[in-house]
Number of protein chains: 2
Amino acid sequence: MPRRPNYDREELIDRSRDLFWKRGWAGTSLKDLEASLQMKPGSFYAAFGSKDALFELAMEKYAEDGRRRLEGLTEEQGPIGALKSLPAMVVGNDDAPAKACMLSKTLVELHAHNNPLADKANEHLKKMEEQFLELFRQAQSTGEIDAGQDPAALARRYQSDLIGLRISAERDGVDAKAIAKEIADSLNRL
Amino acid sequence: MPRRPNYDREELIDRSRDLFWKRGWAGTSLKDLEASLQMKPGSFYAAFGSKDALFELAMEKYAEDGRRRLEGLTEEQGPIGALKSLPAMVVGNDDAPAKACMLSKTLVELHAHNNPLADKANEHLKKMEEQFLELFRQAQSTGEIDAGQDPAALARRYQSDLIGLRISAERDGVDAKAIAKEIADSLNRL
DNA sequence: ATCTTTCTTGAGTGATCGTTCAAGTATATA
DNA sequence: TATATACTTGAACGATCACTCAAGAAAGAT
């Protein structure tokens, strides 16, 4: 019966994710979004409800993309291969809106304000840590790394190192590729 | 001749540093500052010029405090002792406004907007890295750690790990003390 | 071709942002 | 005690914030 939207919703969420990822929550205004999505306020609010609702969608897409990328790496290179490749990959991706992780950026920006989006970011980080944990477990069961170590501890440390790496990569004058290589190499000593 | 201010400027900067550290740049409004400093706008602008100027002062005090704390640790425990103690100390300080480092928070929040405060944050981080470098050099010259490794690489990695640790410590449900212990322990293997 | 339903437009909402400034107040010096 | 010199006050500024809504435009169904 009626008129259909003349936009691709998923593509709009992609563009929002890139904007929010780069500029952060407070750093992205509705004017910015209107310009990037080419939508007037009325359409925007009809489609997404609010800035925060769209941010949540963008964060979910970000987390899902990351999860799938790591799954793909695992299929190609196995669990330890994937864990070794990831640091250099995130740091070397020059097309990305930012080097730093969108989830840690969101957490750090909004945690002190008790903003629910910070909790969502933390939940996504938790799921990501669980994915790392599963890869360490697999690597232990195949004998790729020593089974004596606590895989949860390895996953926890790996994620923390990755967060630090990606923020370091945001800085000018820091050789992030060298740090990425060291993180990968440290997996050889397990 | 004239009236003198009825406030302690350094104490005001301390309070501003705590607010900015916790809430971030965009997350701290002038109303917040007026409430915390108990100053009306006129006094505030007469004293500090602008929100950004005060943020810069706050960041300088933050960096200076951190530098002095590490110097104190070094006097007590020597270079390697200080580097080993620092991770647990930053994570265990429950009085601090936030676990995450104010400099990395500022960098991450303002880098994409080309805000000069992000460059200032990066400069402070660079100085901090140089302080770590000096400690690694000292530890090598006294034989506390192997002299074969590049101390600049060690300092770079140590700082990156510390940044990741401190953001992880901001998260709910993460055992940051365990990560801190692992970072310290890894210095034993150098 | 008409109707119905939805999408699109864009001016406008009140709130809050960082900041200014004229008027009033307090104090060290003469 | 009088005067000069800050400091303090708080209303008000224009800009921007996220958001609303009434009116017009478009397209599938009949």
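Colleague: At what angle do helix α7 of chain A and helix α8 of chain B pack, and how far apart are their axes?

Modeller: Residues 151–168 of chain A, α7, and residues 176–186 of chain B, α8, pack at about 80° with axes 10 Å apart. Axes are lines fitted to C-alpha atoms, for helices over the stretch in contact, and angles run from 0 to 180 degrees between N-to-C directions. Helices are DSSP runs (H or I, at least four residues), numbered from the N terminus. This is a predicted model: local features need pLDDT of at least 70, side-chain atom pairs count only at pLDDT 80 or more, and totals for chains, interfaces and linings use all residues. Residues are numbered from 1 along each chain as its sequence is written, and chains are lettered from A and ligands numbered from 1 in the order in which they are written.

Colleague: What does that make α7(A) relative to α8(B)?

Modeller: Roughly perpendicular, a label for angles of 65 to 115 degrees.

Colleague: Which residues make the contact?

Modeller: From α7(A), A:Ala153, A:Arg156, A:Arg157 and A:Ser160; from α8(B), B:Ala178, B:Ile179 and B:Glu182. Contact requires C-beta atoms, placed from the backbone, within 7 Å. By class there are 3 nonpolar, 1 polar and 3 charged residues. Nonpolar covers Ala, Val, Leu, Ile, Met, Phe, Trp, Tyr, Cys and Pro, charged covers Asp, Glu, Lys and Arg, and the others, Gly among them, are polar.

Colleague: And between chain A and chain B, how many residues are in contact?

Modeller: 37 residues of chain A with 37 residues of chain B. On the chain A side, α7(A) gives the most, 10 residues. Elements giving two or more residues there also include α1 (9–23) and α6 (116–141). That side divides into 14 nonpolar, 10 polar and 13 charged residues.

Colleague: What rotation superposes chain A on chain B?

Modeller: 180°, with 0.0 Å of shift along the axis and an RMSD of 0.0 Å. The superposition is by least squares on C-alpha atoms of residues with pLDDT of at least 70 in both copies. That is the relation of a two-fold axis. In chain A, A:Gly164 has the C-alpha nearest the axis, 1.8 Å from it. Both copies use the same surface, as 100% of the contact residues of chain A recur in chain B.

Colleague: Switching to the DNA: how many residues surround strand C?

Modeller: 26, with A:Pro2, A:Gly42, B:Ser29, B:Pro41 and B:Gly42 the closest. Near means a C-beta atom, placed from the backbone, within 6 Å of the strand.

Colleague: Which element gives the largest share?

Modeller: α3(A), with 4 residues. The surface near DNA strand C has 12 nonpolar, 6 polar and 8 charged residues.

Conventions
Contact = placed C-beta atoms within 7 Å. Parallel < 35°, antiparallel > 145°, perpendicular 65-115°, else oblique.
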